[in-house]
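This briefing concerns a single protein model and is intended to be read alongside its sequence and coordinates. Topics are grouped so that residues and elements that belong together are treated together.

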Amino acid sequence: MRDFQLPGRSPVIAENGLVSTSHPLASVTALDVLKAGGNAADAAVAAAAVLAVVEPQMTGIGGDCFAIVCLPDGRITGLDGAGRAAAEADAAWYAENGFSEIPAHSAHSVTVPGMVRGWETLLLVHGTMGLHQLMGDAIRYAEQGYAVAPRVARDWAKQAATLKQDEGARRHLLFDGAAPRVGQRHRQPALAGVLRDIAKRGSNAFYTGAVAAEIAATVQAKGGFLSEEDIAACQSTIVSPLSIAYREHDLHELPPSGQGMVAMIMLNLLDLMEARRFPDLSAERYHCEIEAARLAYCVRDAWLADPETMPVPAETLIARDFAETLLRQFDPDRRNDSLVLPDLPTSDTVYLTVVDRDRMAVSFINSVYGSFGSQIVTPETGIVLQNRGACFSADPAHPNAIGADKRPMHTIIPAMVTRNRLPAISFGVMGGSYQPTGHAHVLSNMLDYGMDPQAAIDHPRSFWDGDGVIRAEAGLPDSVLEGLAALGHPVARAADPHGGGQAIVIDRETGFLIGGSDPRKDGCALGW
């Protein structure tokens, strides 16, 4: 039980359905869909469409999406809604032209947007409604406008200077060259027209015709290779999630090219370290988590890629015996300075989860990767194009090297937990490379320390920056930082929070749903 004299929020408890998203408007839309008879898949798509309008710095129809769905009987499916690189993309070309990396704000970072195809596929497999029934709120907010929320305004203002450099961004995302203020109305009538056409004609309204032609022309005019044929060929894939056992539960993550396996490696290591024996706010617990993450992320950066080019199967890497080999590099009394820290791509992402009356659970995540993606916006239709291609390596010898029709390493990952083969927890954490650490931290908070989902999300976080310094959120006591420093970790306070997140627990004893949402963003959980 939290201290009610301190600022904070309690978990939301409901019976007939519960939604948790990063924005109140999206949560209201999702709850309305549930009340109108839609299921969790219907509500998730409707919420995602609203988020694509009201959080343009984080997500949009120019991005990708992923989902894990657990049916009431425990059957689990995954959705891979990742777009691919252009058919003409060639790592040798980038090497010959002096690229050491794929620039984040360039046409070379733009991959095919997989999100709209993903929405449609999710509804075809699991939904009861169509896009024409679910996109009304998104269209209305785009056309009539919405009040810019505090976290959105904060993020937007940081990007105003770079957004000015793109014609489409200046036209659709800035007001006289400035970002909107908190509470200012933002309209996107051009985007509303695209959304209306998608609602009427389905995903082909996006992937063929005038919209696809403008996307391809915009990218090619800036030196990229994406073509109308690349866009038309986009398909979402139904996949089987990976699974590991943890604390009498089973964690399910999507297979590569997403980094869900990194969270699994971390949890295997934390289990072997017996990190749960330490208090939740202790230097020893955070030391275990940091070292487990550093080991797991080294594996990620060495091998994680499109599964067709991975040198080691993900199933091998999430096995317990593989974690045992990694554990040999762990010193409980000291930071291992011999590890080479991975590069840390950053991203802006929205995660949402919905559980309906029948206890279908949907864990859903979508993103344009960087803040406003590539910061290239189609001039006529106002579509923010993602920069997921920046996650490719420019090294032709690397498994994650950019290549024709290839999926890049993806940072965004939804998660699902079952117990006794039934849905138990649907959750996710936002924040680029932080996400696997966030999954391990939040799930451990719930399963190892008995926290409700809101307390588990609120719990202070730490993660390293590009220089390897451990950046601790304000809620982490000074004593923990002092203890980490004594263990050899360079530590400092974080300037920004580490990600966001949402979670819903299905309490089988009471029959109720218990949800939490992240105050690091404008998170909102609602139930009925």
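The points below cover a sheet and its helices, the salt bridges, two residues with positive phi, a buried loop residue and a nonpolar surface patch.

The structure is a predicted model. An open, antiparallel sheet of 7 strands provides the frame for several of the features described here. The structure holds 29 salt bridges, and three pairs and one network are set out below.

**The sheet**

- The strands of the open sheet follow the order 1-20-19-15-14-9-8, and their pairing is antiparallel.
- Strand 1 (12-14) and strand 8 (242-246) form the edges, each of them pairing on one side only.
- On average, neighbouring strands of this sheet are turned by 20° against each other, direction ignored.
- Within the sheet, strand 9 (residues 249-253) is joined to strand 14 (residues 414-419) by 4 bridges in the antiparallel sense.
- Glutamate 253 has alanine 415, in strand 14, as its bridge partner.

**Helices on the sheet**

- Helix 13 (residues 260-273) lies across strand 8 and strand 9, and runs at about 20° to strand 8.
- Helix 17 (residues 434-447) also packs on the sheet, where it touches strand 8, strand 9, strand 14, strand 15 (422-429) and strand 19 (501-506).
- The direction of helix 17 makes about 135° with that of strand 15.

**Glutamate 248 and its salt bridge**

- Glutamate 248 is located in the loop between strand 8 and strand 9.
- Its phi is near 65°, a positive value in a residue other than glycine.
- Glutamate 248 has a relative accessible area of 64%, so it counts as exposed, the cut-off being over 50%.
- The partner of glutamate 248 in a salt bridge is arginine 419, with the closest N and O atoms 3.1 Å apart.
- This pair links distant parts of the chain, since arginine 419 belongs to strand 14 and the two residues are 171 residues apart.
- Arginine 419 is partly exposed, with a relative accessible area of 38%.

**The salt bridge between aspartate 448 and arginine 276**

- Aspartate 448 and arginine 276 meet through their side chains in a salt bridge of 2.9 Å, N to O.
- Aspartate 448 is in the loop between helix 17 and helix 18 (453-458), while arginine 276 is in the loop between helix 13 and helix 14 (283-303).
- The two residues are 172 residues apart, and the pair thus links distant parts of the chain.
- Aspartate 448 is buried at a relative accessible area of 14%, whereas arginine 276 is partly exposed at 23%.

**A network of salt bridges**

- Salt bridges link Arg151, Arg154, Asp155, Lys158 and Asp496 in a network.
- One of the pairs is that of aspartate 155 and arginine 154, whose side chains meet at 3.7 Å, N to O.
- Aspartate 155 counts as buried because its relative accessibility is 5%, which is under 20%.
- Arginine 154, by contrast, counts as partly exposed at 33% relative accessibility.

**Tyrosine 369**

- Tyrosine 369 lies in strand 11 (residues 361-369).
- Phi of tyrosine 369 is near 75°, again a positive value in a residue other than glycine.
- With 4% relative accessibility, tyrosine 369 counts as buried.

**Threonine 59**

- Threonine 59 is placed in the loop between helix 2 (40-54) and strand 3 (64-70).
- Threonine 59 is buried, its relative accessible area being 1%.
- Beyond its neighbours within four places in sequence, threonine 59 is in contact with Leu51, Ala52, Met115, Val350, Asn366, Ser367 and Val368.

**A nonpolar surface patch**

- Leu124, Val125 and Ile238 make a nonpolar surface patch of about 300 Å².
- Valine 125 has its place in helix 4 (residues 115-126).
- Valine 125 is partly exposed, with a relative accessible area of 43%; this value meets the requirement of over 30% for residues of such a patch.

Terms used: Residues are numbered from 1 along each chain as its sequence is written. This is a predicted model: local features need pLDDT of at least 70, side-chain atom pairs count only at pLDDT 80 or more; totals for chains, interfaces and linings use all residues. Side-chain values use heavy atoms; hydrogens and water are left out. Patches are made of residues with over 30% relative accessible area and no salt bridge: like charges are joined within 9 Å, nonpolar side chains (Val, Leu, Ile, Met, Phe, Trp, Tyr) within 5 Å. Accessible areas come from the Shrake-Rupley method with a 1.4 Å probe; for residues, only the protein chains shown count as cover. A salt bridge is a side-chain nitrogen of Lys or Arg within 4 Å of a carboxyl oxygen of Asp or Glu. Buried means under 20% relative accessible area, exposed over 50%, partly exposed in between (1.4 Å probe, protein chains only). Two strands pair if DSSP finds at least two bridges between them. Axes are lines fitted to C-alpha atoms, for helices over the stretch in contact, and angles run from 0 to 180 degrees between N-to-C directions. Contact means heavy atoms within 4.5 Å.
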